[in-house]
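Reader: I would like a close look at a single helix in this protein, and at how that part sits in the whole chain. Please give the cut-offs as you go.

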Amino acid sequence: MHVEKMSADDFPFAVQLSNTMSWNMTVEDFEFIMKLEPEGCFVLFSGAERLGICTAISFGNLGWIGNLIVKEAYRKEGAGSLLLKQAIAYLRSKQVATIGLYAYPHLTSFYTSFGFKPDIEFLVLQGEPAAFPPEDSTARRAQNSDIQKIIEFDRRFLGADRQKLLEAIILKAENLCYIVPHSNGISGYVAAKVYGADAEVGPLVCLANHVEAAEKLLKTVLSSLRGLNVSVCLPKKEAELLDLLHAAGFREKFRVVRMFLGSALAKKCIYIAESLERG
Ligand SMILES: CC(C)(COP(=O)(O)OP(=O)(O)OC[C@H]1O[C@@H](n2cnc3c(N)ncnc32)[C@H](O)[C@@H]1OP(=O)(O)O)[C@@H](O)C(=O)NCCC(=O)NCCS
């Protein structure tokens, strides 16, 4: 078995394999992550046969691993470990200090054997939001002149520089981004990616003691996504946001555990994941 860097020729395999897990991945998803991290996506081969994939992305001192999957017939033979080791080595070569990932609960011991430590539990919810009744919302649509503010705010609370990811999301016309202004800066922001009839909320980052601002951001973005099939991945401990999502008809699909190799990040803020594969 050997690992190669992913190329566009591998996309049909990557999509087909990842969708055996209902991850809802498309060629565009792999194009997007390859554009952000051209050297960080990997395919495992046995001779000419493709067996598995894994993606990694670096944000300065933080790296994130996702899309780890091996063809069912080849599992438990070390293939998954080879891919994970490759992704870790790649991120180390980018000088990241901490590597994060979201693990299915039954796989935490697999990742623990590589030194990852469980952090907190996240829930993935799905629903088709209706519009929330209009209220005096202080959340407003982000403008291009807000992007730098958002990137700096995100860096302050996440402890990593997600400029390349945030710009790619916010500047895409179909996507949404809202902020809650606060004195000279912001007290939080939310983005959502729209893919035709589907959408994914995230990231949302908000000051820890500003739950109302986080609720406003979530209501505002969900109202704009009404009628779409929307998914959200958020910490189980965010009770107010979970209540809001349940009241909007969202239902839990599955749970994951955030794990870190290195110091845990994004501790002192309200946080909704950008995606499972990028944190
Ligand atoms: C997770 C996955 C990539 C592991 O790949 P793999 O090729 O089976 O992994 P390895 O053979 O390197 O296994 C390494 C260790 O993890 C353990 N392990 C692997 N899959 C496991 C599972 N489903 N449950 C519990 N332990 C598991 C193995 O027993 C092995 O331990 P050992 O060396 O002590 O025997 C593979 O099971 C897979 O593709 N699963 C479906 C997709 C998925 O869940 N991805 C992970 C998202 S968090």
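Author: What follows goes from the whole chain to the two domains and then to the helix.

This is a predicted model, in which local features need pLDDT of at least 70, side-chain atom pairs count only at pLDDT 80 or more, and totals for chains, interfaces and linings use all residues. Residues are numbered from 1 along each chain as its sequence is written.

The protein chain has eight helices and 13 strands; these are DSSP runs numbered from the N terminus, with helices being H or I of at least four residues and strands E of at least two. Buried residues account for 43% of its 279 residues, where buried means that 20 or more other C-beta atoms, placed from the backbone, lie within 10 Å of the residue's own.

An automatic or database domain assignment divides the chain into domain 1 (2-96) and domain 2 (125-272). Their C-alpha centres are 26 Å apart. Five residues from domain 1 and eight residues from domain 2 take part in the contact, which requires C-beta atoms, placed from the backbone, within 7 Å.

Now the helix. Helix α7 covers residues 211-224, 14 residues in total. From first C-alpha to last, α7 reaches 20 Å, close to the 20 Å expected at 1.5 Å a residue; that expected span is 1.5 Å times one less than the number of residues. Buried in α7 are A213, A214, K216, L217, L218, K219, T220, V221 and L222. These buried residues pack against the strands β8 (176-182), β9 (185-195), β10 (198-207), β11 (229-235) and β13 (269-272), and against helix α8 (239-247).

Definitions and conventions: A residue is buried if 20 or more other C-beta atoms lie within 10 Å of its own, exposed if 12 or fewer, and partly exposed in between; C-beta atoms are placed from the backbone. Two residues are in contact if their C-beta atoms, placed from the backbone, lie within 7 Å.
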